[in-house]
Amino acid sequence: MERQRISSGKPTEAVIGYSRAVRVGPHIWVAGTTGPLPLEHPDSPGDAYAQAKHAIGIIEKGLAEAGATLDDVVRTRVFLTDIDRDADAVGRAHLEAFGNAMPASAFIGCTSLVGGESVLEIEADAYVDDGCC
């Protein structure tokens, strides 16, 4: 089966060897996506809900390039640097985005994420039965 790679356009892809998303047949995997906001954003830098919405928007774009939508997501993993503080806010953003799909999901506490300004990272896996492959 053909492997379709979706690029974020970031130079780190070539440095560490990853893609924003990969599609093989009906399966799509979206890489861990952080949601740091620009410093001028009113919710910057530590608003977990705003970061989750931003990260999910990036995931949605990667899925679209691979021929999928948020409704095709079957699994998510959410990593939180302060799970006690942020789980409810991120859960609200997750429900808003994935409420139709209701994917299997895990919320996982972690001590830090690459970049330092992100309070969360989200991975998504999708399945699209569109007869393409």
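This is a short talk on the sheet, the helices and a few charged residues of one structure.

Good morning, everyone. A reminder before we start: this is a predicted model.

Let's begin with the sheet. It is open and has six strands. Their order is S1-S2-S3-S6-S4-S5, and the pairing is mixed. Which strands stand at the edges? They are S1, residues 3–6, and S5. Each has a single partner strand, so one side of each is left without a neighbour in the sheet. From one strand to the next, the twist averages 10°.

Now look at one edge. S1 pairs with S2, residues 21–24, in the antiparallel sense. Four bridges hold that pairing. Within it, Arg5 stands opposite Val22 in S2.

Go to the other edge. Here S4, residues 73–80, and S5, residues 104–109, run parallel. Six bridges join them. Arg75 has Ala104 in S5 as its bridge partner. How does the chain get from S4 to S5? It crosses through helix H3, residues 83–98. This β-α-β crossover is right-handed.

A word on pairing in general. Strands of a sheet pair through backbone hydrogen bonds, either parallel or antiparallel.

Next, the helices. H3 lies across S4, S5 and S6. It runs at about 155° to S4. Helix H2, residues 48–65, also packs on the sheet. H2 touches S1, S2, S3, S4 and S6. Its direction makes about 30° with that of S6.

Stay with H2 for one residue. Ile58 is in this helix. Is Ile58 buried or exposed? It falls in between: Ile58 is partly exposed, with a relative accessible area of 27%. Leaving aside neighbours within four places in sequence, Ile58 is in contact with Arg20, Thr33 and Thr34. Take the Arg20 contact. Ile58 and Arg20 are 38 residues apart in sequence. In space, C-alpha to C-alpha, they are 9.2 Å apart.

Arg20 comes up again with Glu13. Glu13 is in helix H1, residues 12–16. It is buried, yet it has no salt bridge. Why not? The nearest side chain of opposite charge is Arg20, 5.7 Å away, and a salt bridge needs the side-chain nitrogen within 4 Å of a carboxyl oxygen. Glu13 does touch Arg20. Not counting residues up to four places away in sequence, it also touches Ile6, Ser7, Ser8, Tyr18 and Ser19.

So where are the salt bridges? How many does a search of the whole structure find? Five.

One joins the side chains of Asp125 and Arg77, at 2.8 Å, N to O. This pair links distant parts of the chain. Asp125 is in S6, Arg77 is in S4, and 48 residues separate them. Both count as buried: Asp125 at 13% relative accessibility, Arg77 at 19%. Add Glu123, and we have a network: Arg77, Glu123 and Asp125 are linked by salt bridges.

Two more involve Arg85. The side chains of Arg85 and Asp86 meet at 2.7 Å, N to O. Those of Asp82 and Arg85 meet at 3.8 Å, N to O. Now compare the surroundings. Asp86 is buried, with a relative accessible area of 4%. Asp82 is partly exposed at 29%. Arg85 is also partly exposed, at 49%.

To recap: an open sheet of six strands, H2 packed on it, a right-handed crossover through H3, and five salt bridges. Thanks for listening.

Notes. Residues are numbered from 1 along each chain as its sequence is written. This is a predicted model: local features need pLDDT of at least 70, side-chain atom pairs count only at pLDDT 80 or more; totals for chains, interfaces and linings use all residues. Side-chain values use heavy atoms; hydrogens and water are left out. Helices (H or I, at least four residues) and strands (E, at least two) are DSSP runs, numbered from the N terminus. Buried means under 20% relative accessible area, exposed over 50%, partly exposed in between (1.4 Å probe, protein chains only). Lys and Arg count as positive and Asp and Glu as negative; His and the chain ends are not counted. Contact means heavy atoms within 4.5 Å. Two strands pair if DSSP finds at least two bridges between them. A crossover is right-handed if, with the strands pointing away from the viewer, the path from the first strand over the helix to the second runs clockwise. Axes are lines fitted to C-alpha atoms, for helices over the stretch in contact, and angles run from 0 to 180 degrees between N-to-C directions.
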